[in-house]
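Trainee: Please take me slowly through one small part of this structure, and then widen the view from there, explaining each term as it comes up.

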Amino acid sequence: MDKERISPRQLTFLVISFTIGSWIVLPSGIEAWQNLWLIMFLSLGQGLGFAYLALLLFRRHPGKTLFEIHEIVYGPLFGKLFSLLFLWFFLQTGAGALAVFVTLLKTTVFTATPDLALLIPWVIIVVYGCRRGIEVIARSNEPLVLATIGLIIASVFLVLNIFERENLLPLFNLPLSAVLWNSLGIAVFPFGQNVLFLMLLPKVNQPQKVMGAVFRGMVLAGLLLSLLQFLAVGVLGKVGELFVFPTYEFYRMINIGEVLTRLELIPLLNFLTMGFIKIMLCVYTMAVGTAQLFNLRAVQPLVFPLGILVLLLTRQIYPSISLHLQYIRDAQPYFGLFFCLLLPLLTLGMSFLRGGLQREMAS
Amino acid sequence: MFEMLWRKLRLAHQRKKTPVSRSRRDLSPNLEANLTAFQEELGASPDLIIRRLTLGPRPGSAGALIYIDGLIDKQVVNQDVLLPLLNEGNWGKGQDVTDLLGYVAQSILAVGEMQTETELRQVVQGLLAGDTILLVDGQAAALLLSTKGWDKRAIQEPEAEQIIQGPHEGFTENLRTNTALLRRKIATAGLHFEEMKLGQRTQTAIAIAYLKGVVNEKLVEEVRLRLKRINIDYILDANYLQEFISDAPFSLFPTLTFTERPDVVAAKLLEGRVAIFVDGTPVVNTVPALLVENFQSPDDYNFPYYYATMIRWFRYLSFSLAVLAPALFVALGSYHQELIPTPLMITLKTATEGTPFPLAIEVVMMGLVFEILREAGVRLARPFGQTISIVGALVIGEAAVTAGLVGAPTIIVIALTAITTFVVPGLLGPGIFLRLIYTILGGVLGAYGILTGMLFTLLHLASLRSFGVPYLAPLAPVIPADLKDVLVRAPIWALRTRPRLIGWPRPQRQPFGFAVDEEEKGEDGHDEGK
Amino acid sequence: MIILIVLVFLGLFLYEAPGLVAEEYWRELAVFTLLMLLGLIWSILLASGVELPYVESVWLDLFTGLKKGL
Amino acid sequence: MTKANDAGHRRLWWKKSLWLLLLFIMVFTSGCWDRRELENIAVVLGMGLNHTPGGEGYEVSFQIVRAAQIKSPGGSSGGGEKMRPFWILRSSGPTVFEAIRNATFQSSRRLFLSHSQVLVINEAVAREGLTPALDFFIRAHEPRLSLWLLLTAEDPVQIFDASAGLEMVSSQAISDLLQQYHLTSKIRPVRLAEYVRLIMAKTTANTLPVIRTIENAGKKEFYFEGTGVIKGDKLVGFLDPIETRGLLWVLGEVQGGVITFDVPGKKGKATLEIFTSSSTVTVQVKADKIHVKIEVQVRSGLGNQTTYTDLSTPDQFKKLETRQAEVIKGEIEAALAKAREYGADIFGFGQQLYGHDNRAWQRLAADWERHFREATVEIKVKAVLVELGLTTRPVLD
């Protein structure tokens, strides 16, 4: 399991599908609906900042996962504590994304089906994927991401007949504080979560290309999401603010000549595949993390119980979608900042303080 | 760590070693003793012919010619072996020759390939392979004369892989004809064959073919290793081999390609693959095999590229239809009625008015009926029987609709899938299995169920390797350079590189564009192409 | 319902454990059983309808409290 | 080695079979909750919304497809009148959602709203405010935002009862007709998404087409007539077909239709066919006064003429073009006058300002109605005649 390698291109694709993940279905920063696609770029900037910070940390300890860095920098005891914190972060990210997808399925199509019937198949696939290892996840992720990119590009042409420029004006009518807060909300939700890749970077077979790959992934994901929001605002206009799942409603509006219509199932399924990959990555990273925490040799047996834990947390993460919306608006920026800015910054500082030992920068 | 362990386990069950104990028995100088030994070994089978004759000048010593009737070419034995032996004149000079067999071999017999053997088992093997044995009283050795010649099937186009435009020759059951057919396709010295015998009971001859300088040496080594490791009584067909040396014995999808066409095998060897011939069956395996190869056919390269690309996309579409159409129909009909356009919705409702069964049951039931009829069609007569079964199926379907048991749309969907499964013959088995699984998933969890099924398959395929090469090569680990022959069939002059993961030592196939003709090059003294 | 859960967890345990025992992965076996027990207890609590705090509402109260406090 | 080998081997088989077992457990545990067979859903093609006779609750009516009839229309069905290919169901309740659920007391099959094309709303409901009534149709996951909204003075059931002309079901006929609105350009079809967008934008007033039934040789048929003006969320008045087209000219949505007027200086009329039209509206604010400039370009062709003079000469064309421009200007002014009378900015001047000069809009938004009434509007119409049809001179001149 530990000699698996993925190529920088596969890392870029993983970053794309992880970033797109559940945000495309339930976006954060929904208050700035009309200017969401513009604020996206501001958040992308902040996201790249977080990523640069994380990659600096990786540069200082090449070939080490985040948990190993924790143990080097904070010593075995504290290191394990920080690692546990991040383990919870991965668990909650995975369970949050899974909960959003199950809610989407339940509100749109499977109203009467109990959660378990949707969750069990999902976890089976995720566990099956993780047991096969990161190589297989990366390999099966490539066609899925290409399909999503193709779909988003195609939706530009599908909506030409219902796109109204008027809906986009005026470009900036939000007070600055709202803009900043929402952009932080977006910077943290899809982009900040990429701190998870700090666990997977050692598995890339060309370490020097890692930074380029992660940046390319985030920028491409940012562009795709921004393009989709641009189209959604153009088509839905002010109505978009009302919806819990604006992207789904956006695809319900497509109607070309009463023939090419009612096709919102295809994008829905496509975004589900992104969700599958995202949660697979979360569970795999947790498995690798737990293995390192208890310095075990085998990662594969851990996958099943961790998958079940994610499933259980999905039932326990939020009582209702309204609370989740409020959580995204008010609490997630702080929660996200703590994990993707504060902790890496602290670890980087401590690592500089420790100085000397791992001086050699990656080539 | 654990994964490696599992892989060891998987190959472990192929490695059971049962030592072969066989005492070495040599021929005895006494002719009669040898003959009785032969009769013991081969039993009194009527096709074992023993021709006694006298060798050497005037009194001469007793000898015997042994062969198996039907395996040898009678003409060769009578003209080139018996005639010279019995002709008095040949014995002129050598009156007192002690090594009669040696003399006979050098100056009398007009047979190309000869061998002398002393061990009984080797001689018997030669006899069974179609050689004629010459024994002489007083010499504890035997002369094996290669007189193979049994009536072989004529070379004709394989019925399963017919193409419209292009060569129409196919492999036959005889290994030597097959290797000759391949030689004619690739006439360079680089084409190497390696033969070995497998299966204690059948001693089937297995030949590995590859192009030196193009193929990846490690691949050939791996193929040799896996073939040697096979320990089985008999090999009657290529599929015996496939299940032994495939990477994933439990997987639905074949990790070797089956073909009976020399031009296909030649093309694959040029791409750096290794072919495995099995004597006694026209089917040849090429390794490593990727999923996309099932969608390629020789027609694609014999027609202009735009037409070939179109056919290829028809194949992708028809395979996905064959697997997904019934499942999506069930999912749309039972779960996502919102997605059916309104006019179609009304016609669907009128068509399914009053049909008793839920959609999923209808589709699965009719699917089974069609499969049974298709199988009957195959067993019925020659492959055209399949069309009979489809027609039969439609008639039954029609009756079911008029009786109101089943909705008309179900019949249309089932008939469509029954036909489209034939477009990609290589994946007929997996196609049918996946269709059943997806239909059940569609019936239970709608489109979400199908999605989980598809992801499960994708993950399974992504984890497969065929001789080290990822099974979904140009698509899963996206290799843009190879996509030119997968998503679209690029024109021949653009197919300049071999598939990256297979022909990696020398990916460059031929220089770009047209060859520079001689005079032009001559004038300016240097040739700028290379 | 609880019996069903116990059965499922037992089944999963038996699926993985013999493999670990055979290969003498003792540490892994320990961690594996720990996680399985955690999952078992949690799902029994969930099934028996015990009122457990919702994660996001906990964070929400914490951070909004924090914001008011600042 | 062989012993571990066999154990490994056995465990391998057991692992493989377990994955399949898991798959089957998954299949049978889920037991398909949300499965609804095609046979037992009632496909609703049109919905009507009205107050209950008592006035406080809502009465929702449905036009449901009767599939059996569609296969053999008008099949003799024994008792009762000839079975029509649809069935009209009424049900009432305090809210729209409750009313819909109460319908299942009468309908043997579940109502399936995703395929409903039209929502016919009684004026009384519109006068009180539409959004409370429409909330269900936006919030529920079955109805789609592409629902056509219509107003009617009568009970919506009358509209459904009307004969569907060439179609099987009147809702289907209405929906197809709305998509051909450009043939007359005197109806402005509005979908639910458009209505909600404008309501939320708070800049432009909404308009909804009006439909009613007329007697035609004993059979009732539906007839589109004019548009209802919705200010804020309440119905305030109506535009007649000509004023509706005036509105469409300003919005640049006239893509067809015909114009008839007296030929200048000649006895007889000429009918021009409109091919395409486009309009640009610019709103400037000078010292808190609104100045609106509307430019409309039209391309049309001579459809037919009832005069005895040759109209195909270029200068005759010029006269026709200027006359046509005057007629169009008249239509726009009529629409403008009616809109001012109601104080409803149906032309979207507010949206222009909101989009292009947001600060000014914030200032003027408060009493936009007054500014709209006092706005100076300059209308410039450029009509171009491009086609003659097949003949040049009239047959007899």
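Mentor: Let us start at P288(B), which sits in the loop of chain B between β10 (284-287) and α10 (298-302). Helices (H or I, at least four residues) and strands (E, at least two) are DSSP runs, numbered from the N terminus. The model is a predicted one, in which local features need pLDDT of at least 70 and side-chain atom pairs count only at pLDDT 80 or more, while totals for chains, interfaces and linings use all residues. Residues are numbered from 1 along each chain as its sequence is written, and chains are lettered from A and ligands numbered from 1 in the order in which they are written.

What draws attention to this loop is the peptide bond from V287(B) to P288(B), which is cis, with omega near -10°. Most peptide bonds are trans, and most residues other than glycine have a negative phi.

Chain B is divided into domain 1 (31-146), domain 2 (175-289) and domain 3 (306-469), with bounds that come from an automatic or database domain assignment. The C-alpha centres of domain 1 and domain 2 of chain B are 35 Å apart.

Also in chain B, look at helix α3 (residues 74-86), whose buried residues are V77(B), V81(B) and L85(B). A residue is buried if 20 or more other C-beta atoms lie within 10 Å of its own, exposed if 12 or fewer, and partly exposed in between, with C-beta atoms placed from the backbone. Viewed down the axis of α3(B), the buried residues fall within an arc of 40°, so they line one face of the helix; the arc is that of the directions from the helix axis to the C-beta atoms. On the face turned away from this buried side, α3(B) carries the exposed residues Q75(B), N78(B) and Q79(B). The buried residues of α3(B) are covered by elements of chain B that include β1 (48-55), β2 (61-68), α4 (100-108), β4 (131-136) and β5 (142-146).

Now widen the view to the nonpolar cores, each a set of buried Ala, Val, Leu, Ile, Met, Phe, Trp, Tyr and Cys residues joined through C-beta atoms within 7 Å. The largest has 326 residues, of which V126(A), M280(A), V283(A), A287(A), V310(A), V44(D) and I121(D) touch the most other members. Helix α3 (residues 66-108) of chain A gives the largest share of this core, 18 residues. Apart from this largest core lies another, of 23 residues, among them F38(B), A64(B), I66(B) and V77(B).

Leaving out residues up to four places away in sequence, V126(A) touches F276(A), I279(A), M280(A), V283(A) and G307(A). Two residues are in contact if their C-beta atoms, placed from the backbone, lie within 7 Å.

Two further loops repay a careful look. R262(A), in the loop between β2 (260-261) and α9 (265-293) of chain A, has a phi near 55°, a positive value in a residue other than glycine. R262(A) is buried, with 23 other C-beta atoms within 10 Å. In chain D, S185(D) lies in the loop between α7 (170-179) and β7 (190-191), and S185(D) has a positive phi of about 55° although it is not a glycine. S185(D) is buried, with 21 other C-beta atoms within 10 Å.

Chain A as a whole has 11 helices and two strands, and of its 363 residues 58% count as buried. From the N terminus on, its elements run α-α-α-α-α-α-α-α-β-β-α-α-α.

Lastly, consider where chain A meets its partners. In all, 28 residues of chain A are in contact with 24 residues of chain C. On that side of chain A, α10 (300-314) and α11 (321-354) each supply at least two residues, and α10(A) gives the largest share, nine residues. By class, that side of chain A has 20 nonpolar, five polar and three charged residues; Ala, Val, Leu, Ile, Met, Phe, Trp, Tyr, Cys and Pro count as nonpolar, Asp, Glu, Lys and Arg as charged, and the others, Gly among them, as polar. Elsewhere, 21 residues of chain D are in contact with 23 residues of chain A, and the largest share of that side of chain D, five residues, comes from α8(D).
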